[in-house]
Amino acid sequence: MSNLILNRRRLLVGSAALGSSLALSGCDQFDFLGQRGNPARQALEQANVLTYKAQRALIGEQTLAREYSASEIRQGMKPNGSTEPTTPEYMFLRQGNFANYKLTIKGMVEREVSFTLDQLRNMPARSQITRHDCVEGWSCIAKWTGTALGPVLDMAGVKPEARYCVYHCFDNIQKTLSGEIFYYESSDLVDAYHPQTILAYGLNDQVLPVSNGAPVRLRIERALGYKQPKYLHTIELVDDLTPFGMGKGGYWPDNGYDWYGGI
Ligand SMILES: Nc1nc2c(c(=O)[nH]1)N[C@H]1C(S)=C(S)[C@@H](COP(=O)(O)O)O[C@H]1N2
Ligand SMILES: [Mo]
């Protein structure tokens, strides 16, 4: 369990305890959480709907994912899931070397903004060598280069009522009788503003390849592989995840995976 989750729980349990005169100290005292209707448990169940203000209060206490040295990069980054989107929009952009690509920030923001790839590349860059863990049971250590998401969100001006970022992708991961399903994911604002959360356009000192999510994919380093959306085109600030997909906050969460997906 990451420190962050523990901190969130402390915060929530702490505030619930005030209201119900429950005294809690260590984290081995969570047995009462099995009791339905317990006020602390109810507070925990609401952990996913922390307000912007409460989320901002946690942003200062972020723990970092481990970073590795260059000698620990042993192999390329294994492409997984969609590796070559075939939608006309994506193929058009790819043909033009993504010169017409734009990343849009919209939804609960003061102003909708869009950035070209060149604009993103000209923002302060950060590189990090981290381990990617896929639930299928494999890991890769790779070097990611990009610009931090937090300052980009600040350029749009996140409204106080926003609680999540929804990440919309170009690839149609599934075709069903009722239409195409596009890959999407989401995070809370704590993860969005985490210092290692970057809009990555470089992989192992090269331009990010199509198979790994060109031109831009997100890295949320304390989360599992499916929380790392590739082929990102829009970030939507929302206060509710239920209108998207099947309502669980991501393509894989809609198919049964945990929404938080922390490592
Ligand atoms: N748009 C999009 N993002 C995605 C996926 C996908 O199929 N489409 N697969 C996810 C999964 S399950 C993993 S493990 C990683 C794989 O990233 P990679 O191809 O760079 O290894 O991307 C994640 N992000
Ligand atoms: Mo994965």
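**Entry 1: the β5–β6 hairpin.** I looked up H168 and found that this residue stands opposite Y184 in β6. The model is predicted; I accept local features at pLDDT of at least 70 and side-chain atom pairs only at pLDDT 80 or more, while totals for chains, interfaces and linings use all residues. Residues are numbered from 1 along each chain as its sequence is written, and side-chain values use heavy atoms, with hydrogens and water left out.

I noted that β5 covers residues 164–176 and β6 residues 179–188, and that nine bridges pair them in the antiparallel sense. Two residues make up the hairpin connection from β5 to β6. For these terms, I take strands (E, at least two residues) and helices (H or I, at least four) as DSSP runs numbered from the N terminus, and I call two strands paired if DSSP finds at least two bridges between them.

**Entry 2: strand β4 and its partners.** I then followed β4, residues 138–148, and recorded that eight of its 11 residues are buried. Buried stands for under 20% relative accessible area, exposed for over 50%, and partly exposed for values in between (1.4 Å probe, protein chains only). Strand β3 (residues 126–134) runs antiparallel to β4, with nine bridges joining them. Three residues lie between the strands of this hairpin, where G137 takes a positive phi near 105°. C134 stands opposite W138 in β4. I also found β4 paired with β7 (residues 198–203), antiparallel, over five bridges; there, T147 has L199 as its bridge partner.

**Entry 3: cysteines.** How many disulfides does the count come to? I obtained zero, taking a disulfide as a pair of cysteine sulfur atoms within 2.5 Å. I checked two cysteines for burial: C134 counts as buried at 13% relative accessibility, and C165 is buried at 0%.

**Entry 4: aromatic rings.** I found 10 aromatic pairs in the structure. One of them is Y251 with W252, edge-to-face, at 5.1 Å centre to centre and 75° between the planes. The rule takes rings of Phe, Tyr and Trp (its six-membered ring) with centres within 6.5 Å; planes under 30 degrees apart are stacked, over 60 edge-to-face, and the rest tilted. Y251 counts as buried because its relative accessibility is 9%, whereas W252, at 29%, counts as partly exposed. I also recorded one aromatic cluster formed by Y90, F98, Y101, F170 and Y231.

**Entry 5: the loop before β5.** I located V158 in the loop between α6 (149–156) and β5. V158 is buried, since its relative accessible area is 11%. Its C-alpha lies 6.4 Å from that of E110, although the two are 48 residues apart in sequence.

Note on methods:
Chains are lettered from A and ligands numbered from 1 in the order in which they are written.
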